[in-house]
Amino acid sequence: MRSQKELLFRLRQELANLGLLVAPPSWEAALAGPFPQLPDPAAVAASLRIENPAHVQQVEQHAEELLQHRFRLLGLEPVQLEDAIRWRRDFLHGQETGLAYFRRIPYLDFHQVGDHKLIWELNRHQHLVVLAQAFLLTGRQDFLEEIPQQLDHWMQENPVQRGINWASALEVAFRALSWVLVLHLVGAQLPEDFRRRLVRSLNHHGLHLEKNLSFYFSPNTHLLGEAVVLDALGTLLPQMPHAGTWRTLGAATVQEQMRRQVRDDGSHFEQSSYYHVYAVDFFELHALLHPDTPAWYRSKLGKMLEFRDSLISSQGLLPLIGDDDGGRLFHPYGDRRRFGVAVREEMAWWMVPSAPVPPEGSCWFADAGLAVLRAGGAQVIVDAGGFGTGSAGHSHADTLSVVAFRNGQELLIDAGTFTYISDPEARQQFRGTASHNTLYIDSLEQADPQGPFRWNNPPIVELLYWDSSASVDILDAACKYRGFSHRRSVVFQKPDLLVVLDRVSGPEGRHRVEQRWLTPQEVSGEFLETVPEARQEPAERSCALGSRQQARRWVARYEGELPTTMVAVLRLGLASKKMPPARVQTAERTTVVELEGGRIRFPHEGPPLVEIGKM
């Protein structure tokens, strides 16, 4: 039931949208950069030419592809588009929409529209920024000339408020930011009459954002990104008629969302590592444009950076916990798993990158429910938290899941995302319980999926014990759903031995319980020992939205009555060294796991106890 406040908001919003549709203002000006709030583009280009010629060559090669209308989008191989780009077409599935009023475009209906993510990724126009960079780095006029050709065609094919490319305020924001960055980089070299047309359309974009901020529809990273760009328009282009309103409204909304979306431990409330990185980019851009941001804002941003850096491996890889959107605020190209690391050559155009500084020891993030266990070359992340807030649309059914790196490289992985709407079966496959390193009981999900962006009846999660010392980390947590109770006890005997004990209780009768472990295709299972013994099964992973790759999965299966106990021993640094097998003994009130040089007692009540020596 919508409140009266929301109904009034939506009524005013719709009247403003229709007014912009019927009579878009004709204000225009030949504005251009560079803008003093951002680094001088000529100086950046000169520095890169001297310091990194290989990077210059890579940018030039990318720009040459763009001249041929070959585009790198999401996780797909470069795609070849026609000379006259069909901006409203899903090129992969062959579906295209017309120029109806944007409210009448059912963009989430794949059968009518195609995959909106593919359409929108192209229409973010971030590739035009690459062309501008390539011109500055090489001086080639053909890179510069391609920009007005594409933009004039886009403005003809996408009149204000008509078609799918106006259907999402966040997408309007991304496109507007790309245009502003083009003006900053090469605006002074573009024809004056073209700049007037571009600025006139930018004004329309700003007016659309002002009236369509996602306060009610999607008050998460959508609202955040829209507000950041609205503020950026008002700050970087103060000549625009509504610049003051945009700056005031945008900045106030961004700071409100910092309070609302970012928790005390620095984690983002979407429960997604990728969306956390996404949000960091937005908040950092706002701080760049406003050096006078309050101390509390910068302190919270610092916490976000600490959380992000804790997740990233020593080789710069980000575990894809929760949804992977596939996009990025500035440079959405390359390996998505490395987007948590600010690449100096790309970020130098906009800001001084914040280099990851991973903590030396282990840590517990209470609001996210994530433990990061770290020693030597081993890094383990245990998800002992619940689903995200609201509908938990970007959460996966991964409670009590484990991912791990060895010497900075992937060892245990999350399956990733692959798709949002183009394949409902694959959407559920990749975000479902069976694709994560946790228990899968009777083929049941940990929560009830309802559409591509909602979970109902999420599990109840409780942290039972956490302790970290120089020699051992212990995490004990429980998850309850559908009448079952899953308790996972994790002992990390530093520097490289991980023991996981799962205890399951539930309804009477026979049940099937599977302990599942997913690794990259190139990683064998010699580091893993389970009781009962695990068998390999075919599996898939996705490293970026739109792509899927082969992977390996090991499944230890129990069938019978509950309660039951399952054990996994992971030798994170001793994969090639043969060790005596673990022995498991279960008594009425405790389970003992005996290993080389020691044993661990797991009592029915209370935390695990490491009893003997170094293991």
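Let's start with a charge over a ring: in this predicted model, Arg-328 lies over the face of Phe-339, and the distance to the ring centre is 4.6 Å. Arg-431 does something similar with Trp-455, its charged end sitting over the ring at 4.3 Å from the centre.

Now for rings that meet rings. The count comes to 19 aromatic pairs. One of them joins Phe-174 and Tyr-278, which are stacked, with 15° between their planes and 6.1 Å from centre to centre. This pair links distant parts of the chain: Phe-174 belongs to helix 8 (residues 169-186) and Tyr-278 to helix 12 (residues 273-289), 104 residues apart. Are these two residues buried or exposed? Both Phe-174 and Tyr-278 are buried.

Another pair to look at is Phe-307 with Phe-365. Their planes stand at 80°, with the ring centres 4.8 Å apart, so this one is edge-to-face. Why does it tie together separate parts of the sequence? Because Phe-307 lies in helix 13 (residues 295-311) while Phe-365 lies in strand 5 (residues 363-365), and the two parts are 58 residues apart. Phe-307 has 4% relative accessibility, so it counts as buried. Phe-365 comes in at 9%, and since the cut-off for buried is under 20%, Phe-365 counts as buried too.

Here are the two ring pairs laid out together:

| Pair | Centre to centre | Angle between planes | Geometry |
|---|---|---|---|
| Phe-174 and Tyr-278 | 6.1 Å | 15° | stacked |
| Phe-307 and Phe-365 | 4.8 Å | 80° | edge-to-face |

Back to Phe-174 and Tyr-278 for a moment: ring pairs link them with Tyr-275 and Phe-282 into a cluster.

Definitions and conventions. Residues numbered from 1 in each chain as written. Predicted model: local features only at pLDDT ≥ 70, side-chain atom pairs only at ≥ 80, totals over all residues. Heavy atoms only, no water. Phe/Tyr/Trp six-rings, centres within 6.5 Å; stacked < 30°, edge-to-face > 60°. Helix = DSSP H or I, 4+ residues; strand = E, 2+ residues; numbered from the N terminus. Buried < 20%, exposed > 50% of the residue type's maximum accessible area, 1.4 Å probe, protein only. Lys NZ or Arg CZ within 6 Å of the ring centre and 35° of its normal.
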